[in-house]
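Work through the exercises below with the sequence and the model open. Each task is followed by a stepwise solution.

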Amino acid sequence: EDPIMPSTRESIMANLLTAIQGINGAPTYTNTVSADMVISREPLELIELNHEHQLPAALLEEGQQTIDPHFEDASAFVPAALSYSTLAVTVIALLVKATGVNTALNAWMADIVKSVTSDRTRGGVAIDTFLLAILPPRENRIIPDGLAAAEIHLHVKYLHQANVI
């Protein structure tokens, strides 16, 4: 039996996860990701994070996938079996809150951005990866006391078979 091949979307998410897990300290990055730290695609209760051992953390969330209708309209130029999609991905960056300006959170966000934009093609499965915005956590996201957090919003553009994601 043939093993099930991962979808392009799954390959993109796995590549983003691996990129962030690869953050490994100076001189390239400010922070070091150790085995205890949480770099995850699994939904987690943020309250359960161990402040001493699991931070900084980065949580990846898949968002909306939009399919470009103009691409399909240009079918005279493009194989009809392909679709052009944009996948929205949010990375939630978390660490222990410091007093005053949180330079540590800024450094952690910079490390994440650097790691996910160093290979914008996600290992060759995407066309491009764009940093869309860096924002405070959305209003309905509960951030435990003592943690600083930010959301990094990415868009990944890719081609895929029209009948799969």
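**Exercise 1.** How many salt bridges does a search of the whole structure find?

*Solution.* Step 1: apply the criterion, a side-chain nitrogen of Lys or Arg within 4 Å of a carboxyl oxygen of Asp or Glu. Step 2: searching the whole structure gives 7 salt bridges. Step 3: keep the basis in mind: this is a predicted model, in which local features need pLDDT of at least 70, side-chain atom pairs count only at pLDDT 80 or more, and totals for chains, interfaces and linings use all residues. Residues are numbered from 1 along each chain as its sequence is written, and side-chain values use heavy atoms, with hydrogens and water left out.

**Exercise 2.** Place the salt bridge between Glu 10 and Arg 41 in the chain, and find the network that includes both residues.

*Solution.* Step 1: the N to O distance between the two side chains is 2.9 Å. Step 2: Glu 10 belongs to helix α1 (residues 8-21), whereas Arg 41 is in the loop between β1 (39-40) and β2 (57-67); the pair links distant parts of the chain, 31 residues apart. Helices (H or I, at least four residues) and strands (E, at least two) are DSSP runs numbered from the N terminus. Step 3: Glu 10 has a relative accessible area of 33% and Arg 41 one of 24%. Both are partly exposed, given that buried means under 20%, exposed over 50%, and partly exposed in between (1.4 Å probe, protein chains only). Step 4: a network of salt bridges links Arg 9, Glu 10, Arg 41 and Glu 62.

**Exercise 3.** Which parts of the chain does the salt bridge of Arg 138 and Glu 61 tie together?

*Solution.* Step 1: the closest N and O atoms of this pair are 3.9 Å apart. Step 2: Arg 138 sits in the loop between β4 (128-135) and β5 (147-161) and Glu 61 in strand β2, so the bridge joins parts 77 residues apart in sequence. Step 3: Arg 138 is partly exposed at 41% relative accessible area, and Glu 61 is partly exposed at 30%.

**Exercise 4.** Describe the contacts of Arg 120 with Asp 128 and Phe 130.

*Solution.* Step 1: Arg 120 and Asp 128 form a salt bridge, with 2.8 Å between the closest N and O atoms. Step 2: Arg 120 also lies over the face of Phe 130, 5.8 Å from the ring centre; the criterion is NZ of Lys or CZ of Arg within 6 Å of the ring centre and within 35 degrees of the ring normal. Step 3: Arg 120 is partly exposed, at 34% relative accessibility.
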